[in-house]
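Subject: Structure handover

Hello,

Here is the structure for you to pick up. My notes on what turned up follow below it.

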Amino acid sequence: MAVQPGGPSSAFLSSADFHCTFDAPSLKAVGSSLGCAAVRAYADVEAVINDLKEIADFFAASSCGQCPPCGMQTRMLATIVGQLSAGKARRKAIDQIPLIVQANQGKGCAD
């Protein structure tokens, strides 16, 4: 199970973080955000992957292009998630996801 507390630009919460209260400081403390407060709940991994693919594709297509690392890393994430969705992702590629996300944290216009 997972919850996305702030819409497509917020990080997913696993069941380990469901104790978190629904306010900006608490969500930030567990690595997510309030965002637009469009709460999405998922019962299975497949649903998370399908929505994550749509989100990654949207952000890859919507990149403003002003920050080359952001555009490149967003497209890389979309590619890996697309492979994951198709059942063709290799473990080495999947392991890169948190590294790519971490490299971009604190550097975007959404921060």
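**Confidence**

Of the elements in the protein, α1 has the highest mean pLDDT, 93, and α4 the lowest, 88. Keep in mind that this is a predicted model. The protein averages a pLDDT of 87, and 95% of the residues score at least 70. Where pLDDT is low, the predicted coordinates should not be read in detail.

**The sheet**

There is an open sheet of three strands, and their pairing is antiparallel. The order is β2-β1-β3. That puts β2 (13–14) and β3 (40–42) at the edges, each with a single partner strand, so one side of each has no neighbour in the sheet. β1 covers residues 2–4 and pairs with β2 over two bridges, in the antiparallel sense. In that pairing, Ala2 stands opposite Ser14 of β2. Helix α2 (residues 45–62) packs on the sheet and touches both β1 and β3. The direction of α2 makes about 140 degrees with that of β3.

One residue of α2 to look at is Asp51. Is Asp51 buried or exposed? Asp51 counts as buried, at 17% relative accessibility, because the cut-off for buried is under 20%. Leaving aside residues up to four places away in sequence, Asp51 touches Arg40 and Tyr42.

**Aromatic pairs**

How many aromatic pairs are there? The count comes to two. One is Phe12 with Tyr42, a tilted pair. The ring centres of Phe12 and Tyr42 are 5.6 Å apart, with 55 degrees between the planes. Phe12 sits in the loop between β1 and β2, and Tyr42 in strand β3, so the pair ties together parts that are 30 residues apart in sequence. Tyr42 is buried, with a relative accessible area of 7%. Phe12 is partly exposed at 27% relative accessibility.

Phe58 and Phe59 also form an aromatic pair, and this one is edge-to-face. Centre to centre, Phe58 and Phe59 are 5.2 Å apart, and their planes make 75 degrees. Phe59 counts as partly exposed, at 34% relative accessibility.

**Helix α4**

Helix α4 runs over residues 91–104. Where does α4 bend? The bend is at Ile97 and comes to about 30 degrees. A proline, Pro98, follows within four residues. The buried residues of α4 are Ala93, Ile97 and Ile100. An α-helix has 3.6 residues a turn, so residues three or four places apart point the same way. What covers the buried residues of α4 includes α3 (68–85).

**Ala37 and Ala24**

Two alanines round off the list. Ala37 lies in the loop between α1 (24–29) and β3. Phi of Ala37 is near 60 degrees, a positive value in a residue other than glycine. Ala37 is partly exposed, at 39% relative accessibility.

Ala24 is in helix α1. With a relative accessible area of 42%, Ala24 is partly exposed too. Ala24 and Val45 are 21 residues apart along the chain. Their C-alpha atoms are separated by 26 Å.

**Where to start**

I would open the view at Tyr42. Tyr42 is in the tilted pair with Phe12, and Asp51 touches Tyr42 as well. Then go to α4 and its bend at Ile97.

Best wishes

Note on methods. Residues are numbered from 1 along each chain as its sequence is written. This is a predicted model: local features need pLDDT of at least 70, side-chain atom pairs count only at pLDDT 80 or more; totals for chains, interfaces and linings use all residues. Side-chain values use heavy atoms; hydrogens and water are left out. The bend at a residue is the angle between axes fitted to the seven residues ending there and the seven starting there. Buried means under 20% relative accessible area, exposed over 50%, partly exposed in between (1.4 Å probe, protein chains only). Contact means heavy atoms within 4.5 Å. Two strands pair if DSSP finds at least two bridges between them. Axes are lines fitted to C-alpha atoms, for helices over the stretch in contact, and angles run from 0 to 180 degrees between N-to-C directions. pLDDT is the predictor's confidence in each residue, from 0 to 100. Rings of Phe, Tyr and Trp (its six-membered ring) pair if their centres lie within 6.5 Å; planes under 30 degrees apart count as stacked, over 60 as edge-to-face and the rest as tilted.
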